[in-house]
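Open your viewer and get ready to click along. At each stop you will learn what to select and what you can see there.

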Amino acid sequence: MAAIEIRDLRVVRGGNVVLPGLSAEVAAGSVTGLLGPSGSGKSTLIRAIVGVQIVAGGTVLVLGEPAGSAELRRRVAYVTQAPSVYADLTVRENLRYFARVLGLPRARAEDPITTVGLEDEADRVVQKLSGGQRARASLATALLGEPEVLVLDEPTVGQDPVLRRDLWNSFHSLADDGATLLVSSHVMDEADRCDQLVLLRGGEILATGTPDELRERTGTRDLDEAFLKLIEQAGE
Amino acid sequence: MSATATFATTLRVLTQLRRDPRTIALIIGVPCLLVTLIRYVFDAQPDVFNRIGGTMLGLFPFITMFIVTSITMLRERVTGTLERLMTLPLAKLDILLGYAIAFGALAVVQSTVVSLLAFGLLDLHVQGSHLAVIALAVGNAILGMALGLFASAFARTEFQAVQFMPAIVFPQVLLCGLFVARNQMAHWLEVISNVFPLTYAYDALARVTQGRGLGRWFVIDLCVVIGSTLLALALGAATLRRRTP
């Protein structure tokens, strides 16, 4: 079953066609990687899925509902590419604010802090944190209230390798509990950590499949090479 | 909309303000300084100080809240927190009311401190009730907040937002009748001043401070101020878009 269904999505931003007509599905309970170079339309696609992007055509259904509908606001969590937390609040104050907005009890604000490994920084003002820590604070707010769908725009950029592994492990344990995750990245070495991949280039889908399928299809061992091969094949 | 989300937003805004004690000090200290300056500038003309000072008490919160709101809202737009809020179960009215309550509270503190100074130490005398002056000040703070919120939609940077202060606030302060009675201005300026909400806010304050009686015109003033506040809030709400290009 698909948690996200996209049909002929067309998005025009500032006179440029960013997504000419994209169709894709994201399987429920999976960790799907949305990969592509910077400028390929990843963030625009993600914005359309969470319903903050004005679209020119096509449909996006999330959990069977039109993207951005009021009913989805409790069930879908979104992390923007730039950390979107209040820089003049502490990590804990940010979490408590978003928890209150979601109508959650105060105690529920604590777990996400642990998940992203910010226990020691919980009472520090976000402004004073490093870029990676800010990104994790932003990610933590998306984990509040056990959302059914998590849409994360480059959540692991700038994180150290150990932490990156831990974050990916938490993504998978969320998926094991039934959540659907769509995670964008521009680094191919993250692709191997995903169940499913959607490769995006110039606003169009270059390929979809599991990492193994993509390797097999291109006869390569490395996903970076696979991506190159797929670009060449598409050009022929 | 939900009371929890509104209250949460109020609390969040107040916590943010508390993190920035220097801004609070400026919000409260600068009007105190200006009132003191005016008191001694008109040292030889206490009547002028009584006329200008009383109404100025009510206009400071308007100016302060306009600036504070337009910058805070611009930050929400620029840093992506607004985009995130728009994906959450939070009504636009929750955000607006949350801000209004927080800044309203700040306005109460500001006008109380400035009033205590002016009435207590600077010998300011007004005919009407001091409480009415403070109440009008808080109302003007909400009007300033609503206009600032709307203005923030047209600024891309904080530099631009700061420039809206002289652009939107100064002409209203100049034309409202504080410095020169409106019927002594060039006629076309008087006509323009008729459509500025601050003109009515000033008139209400002047009526209270000069003890000119609170009849029909006072009620009209109040209606215009409340109406403009609601209109600016509605326009401001319209600029909070769930979907953006």
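Two strands pair if DSSP finds at least two bridges between them. Helices (H or I, at least four residues) and strands (E, at least two) are DSSP runs, numbered from the N terminus. This is a predicted model, in which local features need pLDDT of at least 70 and side-chain atom pairs count only at pLDDT 80 or more, while totals for chains, interfaces and linings use all residues. Residues are numbered from 1 along each chain as its sequence is written, and chains are lettered from A and ligands numbered from 1 in the order in which they are written.

**Stop 1: a six-stranded sheet in chain A**

Select strand β9 of chain A, residues 196–201, together with β10(A). These two strands run antiparallel and are joined by 5 bridges. Which residue of β10(A) stands opposite A:Leu197? Colour A:Gly209 to see the partner.

Now widen the selection to the open sheet of 6 strands in chain A, whose order is β6-β7-β8-β3-β9-β10 and whose pairing is mixed. β6 (76–79) and β10 (204–209) of chain A stand at the edges with a single partner strand each, so one side of each has no neighbour in the sheet. On average, neighbouring strands here are turned by 15° against each other, direction ignored. (Axes are lines fitted to C-alpha atoms, for helices over the stretch in contact, and angles run from 0 to 180 degrees between N-to-C directions.)

Next, add helix α1 of chain A, residues 42–49, which packs on this sheet. α1 touches β3 (31–35), β7 (149–153), β8 (180–185) and β9 of chain A, and its direction makes about 155° with that of β7(A). Two residues are in contact if their C-beta atoms, placed from the backbone, lie within 7 Å. Then add helix α4 of chain A, residues 131–142: this helix lies across β6 and β7 of chain A and runs at about 170° to β6(A).

**Stop 2: a four-stranded sheet in chain A**

Select the 4 strands of chain A that form an open sheet in the order β2-β1-β4-β5, with antiparallel pairing. Its edge strands, β2 (16–27) and β5 (65–66) of chain A, each pair on one side only.

How many bridges join β1(A) to β2(A)? There are 8, and the two strands run antiparallel. Within this pair, A:Leu9 stands opposite A:Leu22 in β2(A). The two strands form a hairpin with 2 residues between them, and A:Gly14 in the turn has a positive phi of about 55°.

Move on to β4 of chain A, residues 57–62, which 2 bridges join to β5(A). Here A:Leu61 stands opposite A:Pro66 in β5(A). Keep α1(A) on screen too, since α1(A) lies across β1 (2–13), β2 and β4 of chain A, at about 120° to β1(A).

**Stop 3: two domains in chain A**

Colour chain A by its domain assignment: domain 1 is 2–75 + 148–235 and domain 2 is 82–146. Such bounds come from an automatic or database domain assignment. Taken over C-alpha atoms, the centres of the two domains of chain A are 24 Å apart. Their contact takes 10 residues from domain 1 and 9 residues from domain 2. On the domain 1 side, α5(A) gives the most, with 3 residues.

**Stop 4: where chain A meets chain B**

Show both chains: their contact takes 24 residues from chain A and 22 residues from chain B. On the chain A side, the largest share, 4 residues, comes from helix α2 of chain A, residues 91–101.

**Stop 5: helix pairs in chain B**

Two packed helices are described by the angle between their axes and the distance between the axes. Select helix α1 (residues 3–18) and helix α5 (residues 92–121) of chain B, which pack at an angle of about 45° with their axes 7 Å apart. α1(B) and α5(B) are therefore oblique to each other. (Angles under 35 degrees count as roughly parallel, over 145 as roughly antiparallel, 65 to 115 as roughly perpendicular and the rest as oblique.) Among the residues that meet are B:Val13 and B:Leu14 in α1(B), and B:Ile101 and B:Leu106 in α5(B).

Finish with helix α6 (residues 130–152) and helix α10 (residues 216–239) of chain B, packed at about 30° with their axes 8 Å apart. α6(B) and α10(B) are therefore roughly parallel to each other. Residues to show include B:Ile142 and B:Phe150 in α6(B), and B:Val225 and B:Leu233 in α10(B).
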